[in-house]
Amino acid sequence: MKIIRAKDYYDMSRKAANIISAQVIMKPNCVLGLATGGTPVGTYKQLVEWYNKGDLDFAEVNTVNLDEYRGLPREHPESYWSFMHRNLFDLVNIRPEAIHMPAGTNMDAAAECSHYDEIIQHLGGVDLQLLGHIGFNEPGAAFELGTHCVHLTKETIEANKRFFDNNEDLVPKEAYTMGIKTIMQARKVLMVANGVGKADIIKKAFFGPVTPEVPASILQMHPDFTLVLDAEAASKLD
């Protein structure tokens with residue numbers, strides 16, 4: 001495990017983007033595993049900036065995403081498909097056919113999860129997996145799981161209400177997510193973390209025991225795992 005400390009969110013985003021850009025430059029046809037959420041937005045912004053300068057080319061890159069809400073159409077503004085297009089895909093030269101995400105509108109969970117694992121396998125696996133979170137893998141999730149459908153916890157639903165007009169009835173109750181097994185099979189894993197609110201879980205996950213009760217703790221066992229965090233997220237570390 002390699003830990004890179006950054007001064008602030010901007011510095012964290014730039015350092016993470018450096019690692020991703022190096023992957024794209026060294027292997028132009030690489031498979032990038034991508035994540036949604038507020039934490040990686042700055043990383044995507046930096047990648048777009050370097051693309052606009054002519055320093056990066058996504059023409060041969062394939063992508064797979066961590067997760068997607070079950071039952072939400074791609075066109076919904078809060079789908080992760082829409083998020084990725086707003087923050088990265090519509091702003092660089094990635095091929096539409098090279099973008100892969102679970103199909104939230106496929107209500108046959110077993111078929112969709114199996115199909116998504118087959119896509120990743122067909123691409124040859126993930127070269128670099130970016131994490132701002134560890135998908136929707138909740139505490140207690142088995143480490144050996146591949147892509148699966150999860151029932152979102154009450155806490156997760158409550159946290160997501162703000163994206164759905166603060167109406168709990170509108171918040172999806174299930175999601176498709178890569179499992180820990182799929183994430184751990186990536187050749188490189190890069191996690192970004194910022195803010196004092198992440199300080200406790202960072203210490204617990206990466207300096208405590210490896211346990212399914214803290215799903216991210218398994219990343220301690222990955223042979224090429226890098227954690228990039230800002231000063232606030234690192235504030236509980238020795």
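Mentor: Before we look at the sheets in this predicted model, keep in mind that two strands pair if DSSP finds at least two bridges between them.

Trainee: Okay, so what is the strand order in the open sheet of 7 strands?

Mentor: The order runs β1-β10-β9-β6-β2-β3-β5, and the pairing in this open sheet is parallel.

Trainee: And which strands stand at the edges there?

Mentor: Those are β1, residues 2-6, and β5, residues 99-100; each has a single partner strand, so one side of each is left without a neighbour in the sheet.

Trainee: Does anything pack on it? I mean, which strands does helix α7 touch?

Mentor: Helix α7, which covers residues 199-207, packs on the sheet and touches β1, β9 and β10, and its direction makes about 160 degrees with that of β10.

Trainee: How many bridges join β9 to β10?

Mentor: There are 5 bridges between strand β9, residues 188-193, and strand β10, residues 225-230, and the two run parallel. If you want a place to look in the structure, find Leu 190, which stands opposite Thr 226 in β10.

Trainee: Switching over, what about the open sheet of 3 strands, is its pairing parallel or antiparallel?

Mentor: That sheet has antiparallel pairing, with the order β4-β8-β7. Its edge strands, β4 at 67-69 and β7 at 148-151, each pair on one side only, and neighbouring strands of the sheet are turned by 25 degrees against each other on average, when direction is ignored.

Trainee: Where could I check the pairing of β7 with β8?

Mentor: You could follow the 4 bridges that join β7 to strand β8, residues 174-177, and one pair to find is His 151 with its bridge partner in β8, Glu 174.

Trainee: New topic, pockets. What volume does the largest pocket have?

Mentor: Its volume is about 1,100 Å³, and of the 39 residues that line the largest pocket, the closest to its centre are Gly 132, His 133, Ile 134, Gly 135 and Lys 198.

Trainee: Which element gives the largest share of that lining?

Mentor: Helix α7 does, with 5 residues, while α3, α5, β9 and α7 each supply at least two residues of the lining. By type, the lining residues divide into 20 nonpolar, 11 polar and 8 charged.

Trainee: Last one: how many helices and strands does the protein chain come to?

Mentor: The chain comes to 7 helices and 10 strands. Its radius of gyration is 17 Å, close to the 18 Å that the globule rule gives for 238 residues, so the chain is as compact as a globular protein of that length.

Notes:
Residues are numbered from 1 along each chain as its sequence is written. This is a predicted model: local features need pLDDT of at least 70, side-chain atom pairs count only at pLDDT 80 or more; totals for chains, interfaces and linings use all residues. Side-chain values use heavy atoms; hydrogens and water are left out. Contact means heavy atoms within 4.5 Å. Axes are lines fitted to C-alpha atoms, for helices over the stretch in contact, and angles run from 0 to 180 degrees between N-to-C directions. On a 1 Å grid over the protein atoms alone, a cavity is a set of points where a 1.4 Å probe fits but cannot get out, and a pocket is an open set with protein on both sides within 12 Å along at least five of seven lines; lining residues have an atom within 4 Å of a point. Grid points are joined across faces, edges and corners, and a volume is the space filled by probe spheres set on the points. Ala, Val, Leu, Ile, Met, Phe, Trp, Tyr, Cys and Pro count as nonpolar, Asp, Glu, Lys and Arg as charged, and the others, Gly among them, as polar. The radius of gyration is taken over C-alpha atoms; the globule rule is 2.2 Å times the number of residues to the power 0.38.
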